[in-house]
Amino acid sequence: VYYGHQTVPVTPEDPKNPGDPIIPGGNVTYPKGLTEKDLKDTVTRTIKYVDAKGNLVNGSPDGTSRYEQTAEFTRTAIVDKVTGKILGYDTDGDGEVDTTKADQAWTPTKKTLLEAQSKDPKLLGYDEVDTPVVPDLVVTPGQGDTTVTVTYNNITYTLKDEETKTV
């Protein structure tokens with residue numbers, strides 16, 4: 001009969017610092033890779049609303065000049081209590097190792113930041129907006145943050161005066 005080592009799940013809600021003992025008073029410690037930053041990733045899309053001169057415009061869906069959308073990803077590490085090593089990651093919540101690849105352990109694996117409708121330019125004193133709807137964006141862990149700029153404009157007309165001559 002073989003008995004495996006006991007394990008402990010480490011989540012972003014209860015992260016661990018390298019060097020902290022796994023069992024209080026014990027000499028086996030947690031390794032690197034178990035802080036909240038290691039187990040949680042947030043991707044942010046910032047939408048800025050401006051006019052052609054760069055002045056802020058309250059054109060976002062919530063009536064402000066800046067609209068932020070975030071997607072959060074988490075992973076749970078499984079640590080061997082005897083060796084203090086990360087054995088892998090639990091992706092389905094059963095406390096068992098499902099993958100040993102940290103980059104494949106995020107849940108969810110992708111998220112969609114939903115479209116953002118720009119306010120009607122006429123209601124804000126403008127003639128047009130270059131992006132009436134900022135489209136859905138599918139993001140993945142580690143992707144990095146993005147910024148989108150939506151610009152409101154007034155149309156300028158140039159009238160040309162033509163002289164009529166009779167010959």
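This tour proceeds from one selection to the next and states what is found at each stop. The model is predicted.

**The three-stranded sheet**

Begin by selecting strands E1, E4 and E5. They form an open sheet, arranged in the order E1-E4-E5, with antiparallel pairing. E1 and strand E5 (86–90) stand at the edges with a single partner strand each, so one side of each has no neighbour in the sheet. On average, neighbouring strands of this sheet are turned by 30 degrees against each other, direction ignored.

Next, examine the two pairings in turn. E1 and E4 run antiparallel and are joined by four bridges; here Val-10 stands opposite Ala-77 in E4. Four bridges also join E4 to E5, again in the antiparallel sense, and Val-79 stands opposite Ile-86 in E5. Follow the chain from E4 into E5: the two strands form a hairpin with five residues between them. In its turn, select Gly-84, which has a positive phi of about 75 degrees.

Now display the side chains of E1. In a regular strand, side chains alternate between the two faces of the sheet. Which residues of E1 point to one face and are buried? They are Val-8 and Val-10, whereas Thr-7 and Pro-9 point to the other face and are not buried.

**The largest nonpolar core**

Keep Val-8 and Val-10 selected and add Ile-22, Tyr-30, Leu-34, Leu-39, Ala-77, Val-79, Tyr-89 and Ala-105. Together these ten residues make up the largest nonpolar core. Strand E1 (7–10) and strand E4 (76–80) are the elements that give two or more residues to this core. Apart from it lies another core, of nine residues, including Ile-47, Val-129, Val-134 and Val-150.

Within the largest core, centre the view on Ala-77. Leaving out residues up to four places away in sequence, Ala-77 touches Val-8, Pro-9 and Val-10, together with Leu-34 and Leu-39. The list of its contacts continues with Ile-86, Gly-88 and Tyr-89.

**The four-stranded sheet**

Move on to strands E3, E2, E11 and E8. In that order they form an open sheet, and the pairing is mixed. E3 and strand E8 (128–129) are the edge strands, each pairing on one side only. Inside the sheet, select strand E2 (residues 40–51) and strand E11 (residues 146–153), which pair in the parallel sense over seven bridges. Ile-47 stands opposite Val-148 in E11; Ile-47 is also one of the residues of the nine-residue core.

**Two residues of strand E3**

Select Gln-69, which lies in strand E3 (residues 66–74). Is Gln-69 buried or exposed? Its relative accessible area is 11%, and since buried means under 20%, Gln-69 is buried. Show polar contacts around its side chain. One is with the side chain of Arg-45, at 2.8 Å. In addition, a polar atom of the Gln-69 side chain lies 2.7 Å from the backbone oxygen of Leu-114. Beyond its neighbours within four places in sequence, Gln-69 is in contact with Val-43, Thr-44, Arg-45 and Ile-47, and also with Leu-113, Leu-114 and Glu-115.

Continue along strand E3 to Glu-72. At 37% relative accessibility, Glu-72 counts as partly exposed. Its contacts, neighbours within four places in sequence set aside, are Lys-40, Asp-41, Thr-42, Thr-107, Pro-108 and Lys-111. For a distance to display, choose Glu-72 and Lys-37: they are 35 residues apart in sequence, and their C-alpha atoms are 12 Å apart in space.

**The aromatic pair**

Finish with the one aromatic pair that the structure holds. A pair of aromatic rings is described by the distance of the centres and the angle of the planes. Select Tyr-126 and Tyr-152: the centres of their rings are 5.7 Å apart and the planes stand at 50 degrees, so the pair is tilted. Where do the two residues lie? Tyr-126 is in the loop between strand E7 (116–117) and E8, and Tyr-152 is in strand E11, so the pair ties together parts that are 26 residues apart in sequence. Both Tyr-126 and Tyr-152 are buried.

Definitions and conventions
Residues are numbered from 1 along each chain as its sequence is written. This is a predicted model: local features need pLDDT of at least 70, side-chain atom pairs count only at pLDDT 80 or more; totals for chains, interfaces and linings use all residues. Side-chain values use heavy atoms; hydrogens and water are left out. A nonpolar core is a set of buried Ala, Val, Leu, Ile, Met, Phe, Trp, Tyr and Cys residues joined through side-chain atoms within 4.5 Å. Buried means under 20% relative accessible area, exposed over 50%, partly exposed in between (1.4 Å probe, protein chains only). Contact means heavy atoms within 4.5 Å. A polar contact is a pair of N or O atoms within 3.5 Å; within protein, one must be able to donate a hydrogen and the other to accept it, and residues adjacent in sequence count only if both atoms are side-chain atoms. Two strands pair if DSSP finds at least two bridges between them. Axes are lines fitted to C-alpha atoms, for helices over the stretch in contact, and angles run from 0 to 180 degrees between N-to-C directions. Rings of Phe, Tyr and Trp (its six-membered ring) pair if their centres lie within 6.5 Å; planes under 30 degrees apart count as stacked, over 60 as edge-to-face and the rest as tilted.
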